[in-house]
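The following note sets out a number of points for a colleague who is reading the sequence alongside the coordinates. Each point may be checked directly against the display.

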Amino acid sequence: MLHETHSADRTEAHYLEARGVTKRFGDFTAVDDVSLAIPGGQLTALLGPSGCGKTTLLRTLAGLEAPDQGAVVIDGQVQNGIPVTRRKVGFVFQHYALFRHMTVFENVAFGLRVKPKAERPPKSEIARRVHELLELVQLDNQSGKYPDQMSGGQRQRVALARALIVQPKILLLDEPFGALDANVRKELRRWLRRLHDELHITSILVTHDQDEALEVADRIVVMNQGRIEQDGSPEQVYLHPANAFVYRFLGAVNVFHGRIEGDRLVTYAPEESLQQPASGVPIFVRPHEMSLSREPKSGHLQATVTRVGFSGATARIEVQLDQTGREVEIMLPLSDYQQRRPAEGERVFVAPTGFTEFSDYQI
Ligand SMILES: Nc1ncnc2c1ncn2[C@@H]1O[C@H](COP(=O)(O)OP(=O)(O)OP(=O)(O)O)[C@@H](O)[C@H]1O
């Protein structure tokens, strides 16, 4: 049923481009000469720290903000000057207040009911489409409720149905689950992914949550200070970060200073521990790339366990290195943790099992 409504969109995935887009607020440049091609039918995440310009870029792509320079292009057509209402983009925001005095049904139907008479589908068709979408967002049995009678997660699903009813070419989601608690958030992002697999509508999701972007998106655009740092698949940006910023933003990290010989790290000390880091390069080690043992081995550093945090499938161990007094974070799979059971205060030996080097990174 659903496929009828969206059949046009399914055969023709719409694509979106930013060409040299700059957006300023007074003297401040929020989006700085960004060029980006959003492939049709994919779910792309704009990921970056607070204030990096994600929302401004999204709003500019949508037509809610006019770029100071550059162009926004949908399906090859420059959109500058075309009002947002004519661009066929759908939105879901973090706090997208539904109309409180309208039922769920009326909220979802709204976008069709306000269309000019000539474009408005007949009542029966509107009802059919609303029910179809409510079924899709698994709320068909709630159509008579008012927003106040629903949970935050349910309201966001209504907001999504409301955005989809007008069959947008592009769906823009700005931290749609940002106000929800962690469990609901996780559940909804998986649900969003399944929904996207069904609809294949070209979508952009703004988030500052790395896990959310990695789990949900086909593609991640990492932003920093109004610019794009990297643009690639979740695997590419996580496993092959373009630079130290991307590496650090995508997960926890221990930064060492050392020297690499072949593929071996021969000397190292934690970040900031060296007064004069004259020799060697910064070496980045993820917590899961650290080994921990009771027996000394060549290259291991002696340390004391300062904290053990068990979190289900993994355990997070913090140790303090003898050499420098710095803390290092280690993530052990459950089986390793159960085998070794490091205890607070225990003397251990730790070493990186993998690392990434960014020679241009300044400690
Ligand atoms: N209307 C505005 N007037 C002035 N400055 C603005 C305006 N909108 C955004 N900014 C500034 O532009 C920068 C980027 O803001 P933006 O909301 O795009 O960031 P963001 O990456 O979405 O951040 P967050 O995740 O916190 O929402 C911020 O420094 C913000 O203060």
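1. Strand S3, covering residues 43-47, is mostly covered, with 5 of its 5 residues buried. Please keep in mind that this is a predicted model. In a regular strand, side chains alternate between the two faces of the sheet. In S3 both faces are covered: Leu43, Ala45 and Leu47 lie on one side and Thr44 and Leu46 on the other, and all are buried.

2. Which strands pair with S3? One partner is strand S8 (residues 202-207), which runs parallel to S3 and is joined to it by 5 bridges. Within this pairing, Leu43 stands opposite Ser203 of S8. Another partner is strand S9 (residues 219-224), also paired with S3 in the parallel sense, over 4 bridges. Here Leu46 faces Val221 of S9.

3. The ligand deserves separate attention. Its surroundings consist of Phe25, Phe28, Ala30, Gly48, Ser50, Gly51, Cys52, Gly53, Lys54, Thr55, Thr56 and His208. Two or more residues of this shell come from each of strand S2 (28-38) and helix H3 (54-62). H3 gives the most, with 3 residues. By residue class, the shell around the ligand divides into 4 nonpolar, 7 polar and 1 charged.

4. Is helix H3 enclosed or open to the outside? H3 is largely enclosed by the rest of the structure, because 9 of its 9 residues are buried. These are Lys54, Thr55, Thr56, Leu57, Leu58, Arg59, Thr60, Leu61 and Ala62. The reader will note that the buried residues of H3 include Lys54 and Arg59. Of the residues of H3, Lys54, Thr55 and Thr56 also belong to the surroundings of the ligand. Just after the helix, Gly63 adopts a positive phi of about 95 degrees.

5. The largest nonpolar core holds 83 residues, and among these Val108 and Leu172 touch the most other members. Helix H6 supplies the largest share of this core, 6 residues. The core draws at least three residues from each of domain 1 (2-241) and domain 2 (254-357). Leaving aside neighbours within four places in sequence, Leu172 is in contact with Leu58, Leu61, Ala62, Val89, Gly90, Phe91 and Ile204. Of these contacts of Leu172, Leu58, Leu61 and Ala62 are among the buried residues of H3.

6. Two glutamines should be inspected for their backbone geometry. Gln167 has a positive phi of about 50 degrees although it is not a glycine. Gln167 is located in the loop between helix H6 (152-164) and strand S7 (170-174). Gln167 counts as partly exposed because 16 C-beta neighbours lie inside 10 Å. Gln225, likewise not a glycine, also has a positive phi of about 50 degrees. Gln225 sits in the loop between S9 and strand S10 (227-232). With 14 other C-beta atoms within 10 Å, Gln225 is partly exposed.

7. Thr22 lies in strand S1 (residues 16-25). How far apart in space are Thr22 and Asp33? Their C-alpha atoms are 4.7 Å apart, although the two residues are separated by 11 residues in sequence. Not counting residues up to four places away in sequence, Thr22 touches Thr29, Val31, Asp32, Asp33, Pro67, Asp68, Gln69 and Gly70. Thr22 is nevertheless classed as partly exposed, because it has 17 C-beta neighbours inside 10 Å, whereas a buried residue requires 20 or more.

8. Glu187 is part of helix H7 (residues 182-199). Glu187 has 13 C-beta neighbours inside 10 Å and therefore counts as partly exposed. Between the C-alpha atoms of Glu187 and Gly153 there is a separation of 9.3 Å, with these positions 34 residues apart along the chain counted as their distance in sequence.

9. Lastly, some totals for the protein as a whole. Its secondary structure comprises 11 helices and 19 strands. Of its 363 residues, 36% are buried. Among contacts with a separation of 6 or more, 66% involve residues 24 or more positions apart.

Key: Residues numbered from 1 in each chain as written. Predicted model: local features only at pLDDT ≥ 70, side-chain atom pairs only at ≥ 80, totals over all residues. Buried ≥ 20, exposed ≤ 12 C-beta atoms within 10 Å, placed from the backbone. Contact = placed C-beta atoms within 7 Å. Near = placed C-beta within 6 Å. Nonpolar A, V, L, I, M, F, W, Y, C, P; charged D, E, K, R; others polar. Pairing = 2+ DSSP bridges. Core = buried A, V, L, I, M, F, W, Y, C linked by C-beta atoms within 7 Å. Domains from an automatic or database assignment.
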